[in-house]
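Please read the following report alongside the coordinates. It goes from one chain to the contact between chains, then to helix packing and to single residues.

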Amino acid sequence: MISYANSAVAVRDDIGQAHTVAWRRIARAGAWLDGATRVAIAAEARHASQCRLCARRKAALSPYGISGQHDSLGGLPERVVEQIHCIIRDPGRLTRQWFDGIIASGTSDCEYVEIVGVIATVVSIDTFCRAIGLPLHPLPEPVVGEPHRRRPRSARQRGEAWLPLIHPKDLEGDLDTEEEKVLAAYWAGIVSNIRRALSLVPEEAFAWFQLVETQYLQGKWMWDFANEYRAISHAQIELIAGRVSVLNQCFY
Amino acid sequence: MLRESSKAKGENYDLALLTGVKGDGNVPYGALLVAFAEAVLGDDDARLSAIRSEIRAKLGDAALIDAAAIAATFNAIDRVADSTGIPIEDAKAAATADFRAALGINAFAENRGEIADPRDRR
């Protein structure tokens with residue numbers, strides 16, 4: 001579905017394959033949202049850059065003191081548009097209070113996580129295209145299907161994040177769902193918080209990190225400073241990563 | 001991770017490069033790669049195109065792809081981290097306390113009403 005055959009610069013096959021898998025996932029029903037909603041979220045994520053309310057908030061010292069209506073495509077509830085636009089436009093100033101407001105407005109915590117998963121996928125692939133000078137890929141056509149709506153019982157709120165997360169210890173022993181079993185096999189032990197961030201929807205956590213490991217480094221390579229696995233060194237990789245994160249004002 | 005790489009390699013990478021300080025910071029082509037990251041997140045298409053060409057000429061096409069993939073990954077990872085409120089891990093907090101304070105990175109968390117170092121919650 002996604003092809004880089006016309007790119008002036010040869011794109012690694014594994015990146016093309018990972019992007020195709022991720023793009024197809026957007027179009028299909030997830031755990032809590034159907035394919036049409038997921039594609040609409042992706043479209044709204046792209047549209048957020050044109051929102052005048054977001055522009056005013058971005059320029060303001062205190063963004064949430066400015067009320068108004070987002071310039072949206074109109075296909076999603078305002079609470080979902082608020083979540084998408086704020087994560088796209090001003091992620092470094094999201095607050096717990098803002099998150100609580102989104103949940104209080106009617107978005108479930110599981111839906112919230114799935115929306116973040118779709119946003120992350122679109123941002124990642126769109127940023128890659130911009131970085132190498134290609135136009136954005138057309139969004140996929142939604143695939144008909146129903147979300148399974150299974151909440152993992154292993155996810156718990158321990159006060160460590162805004163959302164319940166799965167801890168690797170929670171995945172020991174018998175598990176209720178296939179999604180948890182996949183995550184247990186994938187994690188296999190100690191896991192960083194960023195890998196756990198979307199674990200309330202296990203398949204989002206799994207799929208998101210499949211994309212991350214393809215674009216960045218496999219987990220076992222991250223700390224192997226004796227060897228280089230990319231055309232740029234560990235130091236050069238972390239320099240780019242760190243500078244991007246500082247520009248986004250991301251503390252993590 | 002940049003610091004860990006620096007330690008492992010016995011190099012002395014200047015972490016201030018992350019905050020926009022000029023120069024290579026002892027990382028080969030450091031200034032060029034920082035400029036690339038800034039251009040990818042910016043809106044000056046002509047500047048991004050020029051930097052892209054410079055990376056291809058100096059580091060090669062494969063390096064451009066890998067650099068683009070890293071920028072793409074972290075532009076999204078940052079949003080996942082910030083929208084879920086995950087803290088940094090205790091070990092990472094301990095290992096980075098000095099340079100987070102020195103570079104002013106703690107302010108990113110504190111400006112959001114968060115406690116930068118999760119160990120301070122206890």
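What percentage of the 122 residues of chain B count as buried? Of these 122 residues, 43% count as buried, where a residue is buried if 20 or more other C-beta atoms lie within 10 Å of its own, exposed if 12 or fewer, and partly exposed in between, with C-beta atoms placed from the backbone. The model is predicted, so that local features need pLDDT of at least 70 and side-chain atom pairs count only at pLDDT 80 or more, while totals for chains, interfaces and linings use all residues. Residues are numbered from 1 along each chain as its sequence is written, and chains are lettered from A and ligands numbered from 1 in the order in which they are written.

**Chain B**

The secondary structure of chain B comes to 6 helices and 0 strands, and it reads α-α-α-α-α-α along the sequence; helices (H or I, at least four residues) and strands (E, at least two) are DSSP runs, numbered from the N terminus. The C-alpha trace of chain B spans about 50 × 35 × 25 Å along its principal axes. Taking the contacts in chain B between residues at least 6 apart in sequence, 32% join residues at least 24 apart, two residues being in contact if their C-beta atoms, placed from the backbone, lie within 7 Å.

**The contact between the chains**

Chain B gives 61 residues to the contact and chain A gives 60 residues. On the side of chain B that touches chain A, the elements giving two or more residues are α1 (2-9), α2 (30-41), α3 (45-58), α4 (61-84) and α6 (106-110) of chain B. The largest share of that side, 24 residues, comes from α4(B). By residue class, the side of chain B that touches chain A divides into 38 nonpolar, 12 polar and 11 charged; here Ala, Val, Leu, Ile, Met, Phe, Trp, Tyr, Cys and Pro count as nonpolar, Asp, Glu, Lys and Arg as charged, and the others, Gly among them, as polar.

The largest nonpolar core has 112 residues, and those with the most contacts inside it are A:Ile84, A:Ile119, A:Ile240, B:Ala67, B:Ala68 and B:Ala71. Such a core is a set of buried Ala, Val, Leu, Ile, Met, Phe, Trp, Tyr and Cys residues joined through C-beta atoms within 7 Å. Leaving aside neighbours within four places in sequence, B:Ala67 is in contact with A:Ile232, A:Ile240, B:Leu33, B:Phe36 and B:Ile55.

**Helix packing**

Helix α4 (residues 78-89) of chain A packs against helix α6 (residues 109-132) of chain A at an angle of about 45°, with their axes 11 Å apart. Axes are lines fitted to C-alpha atoms, for helices over the stretch in contact, and angles run from 0 to 180 degrees between N-to-C directions. The two helices α4(A) and α6(A) are therefore oblique to each other, since angles under 35 degrees count as roughly parallel, over 145 as roughly antiparallel, 65 to 115 as roughly perpendicular and the rest as oblique. The contact is made by A:Val80, A:Gln83, A:Ile84, A:Ile87 and A:Ile88 of α4(A) and by A:Tyr112, A:Ile115, A:Val116 and A:Ile119 of α6(A), and its residues divide into 8 nonpolar, 1 polar and no charged.

Between the chains, the axes of helix α11 (residues 234-247) of chain A and α1(B) come within 8 Å and cross at roughly 160°, which makes α11(A) roughly antiparallel to α1(B). In this pair A:His234, A:Ala235, A:Glu238, A:Leu239 and A:Gly242 in α11(A) meet B:Leu2, B:Ser5, B:Ser6 and B:Lys9 in α1(B), and the residues of the contact divide into 3 nonpolar, 4 polar and 2 charged.

**Loop residues**

Most residues other than glycine have a negative phi. B:Asn26, however, has a positive phi near 70°, and B:Tyr29 has a positive phi of about 60° although it is not a glycine.

| Residue | Loop | Other C-beta atoms within 10 Å | State |
|---|---|---|---|
| B:Asn26 | between α1 and α2 of chain B | 13 | partly exposed |
| B:Tyr29 | between α1 and α2 of chain B | 20 | buried |
| A:Val143 | between α6 and α7 (178-187) of chain A | 16 | partly exposed |
| A:Gln50 | between α2 (35-47) and α3 (52-59) of chain A | 11 | exposed |

Not counting residues up to four places away in sequence, A:Val143 touches A:Ala27, A:Arg28 and A:Gly35.
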